[in-house]
Each structure stands twice: as structure tokens, then as C-alpha cells.
Amino acid sequence: MSTKPKILIQFDSDQHPSVFDSVVAIDSGVDQLLPFGSMEAVDVRELVHGAMFTRGGDSLKRTAIFIGGSRVKSAEQILRAVVDCFFGNVRVSVMLDANGANTTASAAVLCLQRHLSVNEITVGVLGATGSVGQRVCRLLSSQGANVRIGSRSLQRATSLASRIQDSGGCGSLTPMTTDGPHNLEQFIQDCDAIIATGAAGVQLLKKEKWQDLSACKVAIDLNAVPPEGIEGIDVTSAGQVTAGKLVYGAIGVGNLKMKIHKRAIATLFESNDHILDLDAVYDIGKKLEEASDF
Ligand SMILES: NC(=O)c1ccc[n+]([C@@H]2O[C@H](COP(=O)([O-])OP(=O)(O)OC[C@H]3O[C@@H](n4cnc5c(N)ncnc54)[C@H](OP(=O)(O)O)[C@@H]3O)[C@@H](O)[C@H]2O)c1
């Protein structure tokens, strides 16, 4: 068994590679970090070759790549460019978690699943068009939930619904505008669960709008920056009952998100062929949940 140091190459689309991602990597057992900032897809080829061709045999799995940064579309292009460099078994494992989107969306859906089986329930996702919301909708749809895609713009919600449909969503997807009180009321009516994935510091739902909803059993707010995305859900809530509903705030979900992130980094070094994008990251979270009693 190889004892060579575990090296993580950090590709980040931002000028300064994320310190958060670097710290989590080191806390997950990485021995040596090689961070690269301002990365674009066109830059990766030589760097990935450096990872592929230096260590052979069992040692190859001790080098891996993490793709982060705030620009999620750039990160997705970087991932495609990285995978394009590989051939046969000459490859290294790679994970994408730009903007924390894969780990956060997975953690939010898994928190919901602690209480409800998502198959065929109706879940309203507010602020669904961002990088986190899109992934929450994808995961829910792939598991057969009826997903209401909420956006201020019906056109953006509709475009997201078609993209999810094209990539194999199996539950029903209903794009809706949440602009204005009447549309918002229609949107949340009869939802079994509501997940707010709106931008940081933006309040999407007032207390009086959601606390009296009889169908809603679980409400999750991913916004950690005041005011709350769903008014009345404390940021640290982790399954407590508020107004007869089980609620989670951003830090409550963030604990599981952090565990998923660390386990995913550790998984990268188990073999040289992992590609940890949304579904694989979610599966890692699911296994963590199965092994714990929360
Ligand atoms: N807990 C964690 O560990 C963690 C990790 C990552 C992110 N987060 C949080 O998760 C949330 C989602 O992140 P994200 O990066 O996907 O968010 P984002 O892209 O910044 O925003 C998500 C959506 O919010 C809507 N929005 C933006 N400004 C708005 C406004 N002024 N009024 C109403 N709606 C507005 C937009 O949808 P429309 O324009 O289509 O309406 C946007 O697509 C954020 O609150 C973020 O801080 C938490």
C-alpha cells in the first residue's frame, strides 16, 4: 500500500482560491495542497497531465483534484476539461463543489428526508434558479418528488424545469413565479415541504405566510445572512418544531454539509477514478445519514 503524501490540487475560478475549501481539505486528511486561482477550462490540460503522469500504480490515487470557486458555470467547464484529459486508467479522482453547491443541496435534501419520504410529495423550492436551488430541484425530481420551481421570473423557472427534464428528472416539475403576494401564496399552498434557496440576506417568506400552512410539515432555509430567508427559522435550527413544522436553518443544514464535504474529500483518495459531482456527493451524504442517528 502506498504511503506517499495525499496531494489535492485545488482549481478555483476566483483570483484567490477559497480558504474555506483549503481548510476543509486539510481537516479531511490532505497532506499537501496545490491551490490554483483564476482558473479557466483552457488552463487545466498541462496541470492535469502533471497529476496524471507523475505517480503510477497504487500511488496514483494519492493525487486528486478539487474544483471550487464562486463561479459555478466556470467550475462545470473546468470539470469537463479535466475529465477530457483522462484516458483509460490514467486518471485521478476529481470533485466539484463550487460555491458549496453540491454539498449544500445534498445536505438540504437529506435533512428533508429525515422526516419525509420525498417520493410523490410536493416540495416548493424558493429562489430555485441559483446554483444551490437548481441542485436541490434536480435531486428532488430524480427521486420522484413533485417540485415547484420558484423564481421571480417565470421564464427562468421554466428554463430550469426543461433542463432538469432533459437530464432525466422523474417527478413533476412546475415552474412558477413567486413575484407578488398572490403568486407566492399560490406557490406555497399545499406544499408538504418548503426549501428556501434564495440569495444571501434576502427574505423570501414572511412568518405569517408559512406558519399557518396546514400541509407543510418541513421548512428549510439555507440563507445564513440576516434577515432569515424564511422569517422565524433560526439559523441554527436542526429539526426543531416551530409552528408545528420541523425546521432547519443554514447552520443546522451546514453541519451535515460539512460532514459530506469532508467525507467526499477522503473518498477522493480511495481510488483514482472517482468523479464526485452532484449525484455522487449526494450518495456519500446518504451513506453518512444511513450510518448515523443524526
Ligand atoms: N449552509 C451552507 O453551508 C451554504 C452553502 C452555500 C450556500 N448557502 C446559501 O444558500 C443560498 C443559495 O445560494 P446560491 O449561491 O444558489 O444563491 P444565489 O445564486 O445568490 O441566489 C439564488 C436565487 O435567489 C434569487 N434572488 C436573488 N436576489 C433576490 C432578491 N433580491 N429577491 C428575491 N430573490 C432573489 C434568484 O432567483 P430569481 O432571480 O430566479 O428569483 C437567485 O437565482 C444562499 O442564501 C447561500 O448563502 C448556504
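Visitor: What distance separates the centres of domain 1 and domain 2?
Guide: Bear in mind that this is a predicted model, where local features need pLDDT of at least 70, side-chain atom pairs count only at pLDDT 80 or more, and totals for chains, interfaces and linings use all residues. Residues are numbered from 1 along each chain as its sequence is written. The assignment (automatic or from a database) gives domain 1 as 7–100 + 258–290 and domain 2 as 104–253. Taken over C-alpha atoms, their centres are separated by 29 Å.

Visitor: Which helix provides the largest share of the side of domain 1 that touches domain 2?
Guide: The contact (C-beta atoms, placed from the backbone, within 7 Å) takes 10 residues from domain 1 and nine residues from domain 2. On the domain 1 side, six residues come from one helix (a DSSP run of H or I, at least four residues, numbered from the N terminus; strands are E runs of at least two). That largest share belongs to residues 278–290, helix H10.

Visitor: Which strands stand at the edges of the five-stranded sheet?
Guide: The sheet is open, its pairing is parallel, and its order is S2-S1-S3-S4-S12; pairing here takes at least two DSSP bridges. Each edge strand has a single partner, so one side of it is left without a neighbour in the sheet. Those strands are S2 (32–36) and S12 (275–276).

Visitor: Moving inwards, what is the bridge partner of Phe66 in S4?
Guide: Strand S3 (residues 63–68) runs parallel to strand S4 (residues 93–96), and four bridges join the two. In S4, Phe66 is partnered by Met95.

Visitor: Which helix gives the most residues to the largest nonpolar core?
Guide: That core (buried Ala, Val, Leu, Ile, Met, Phe, Trp, Tyr and Cys joined through C-beta atoms within 7 Å; buried means 20 or more other C-beta atoms within 10 Å, exposed 12 or fewer, partly exposed in between) has 87 residues, and Ile67, Ala108 and Ile220 touch the most other members. At least three residues come from each of domain 1 and domain 2. The top helix gives eight residues, and that's 101–113, helix H4.

Visitor: What radius of gyration does the protein chain have?
Guide: Its C-alpha atoms fill a box of roughly 60 × 40 × 35 Å along the principal axes. For 294 residues, a compact globule would come out near 19 Å, by the rule of 2.2 Å times the number of residues to the power 0.38, over C-alpha atoms. The chain's value agrees with that: 20 Å.

Technical notes: Contact = placed C-beta atoms within 7 Å.
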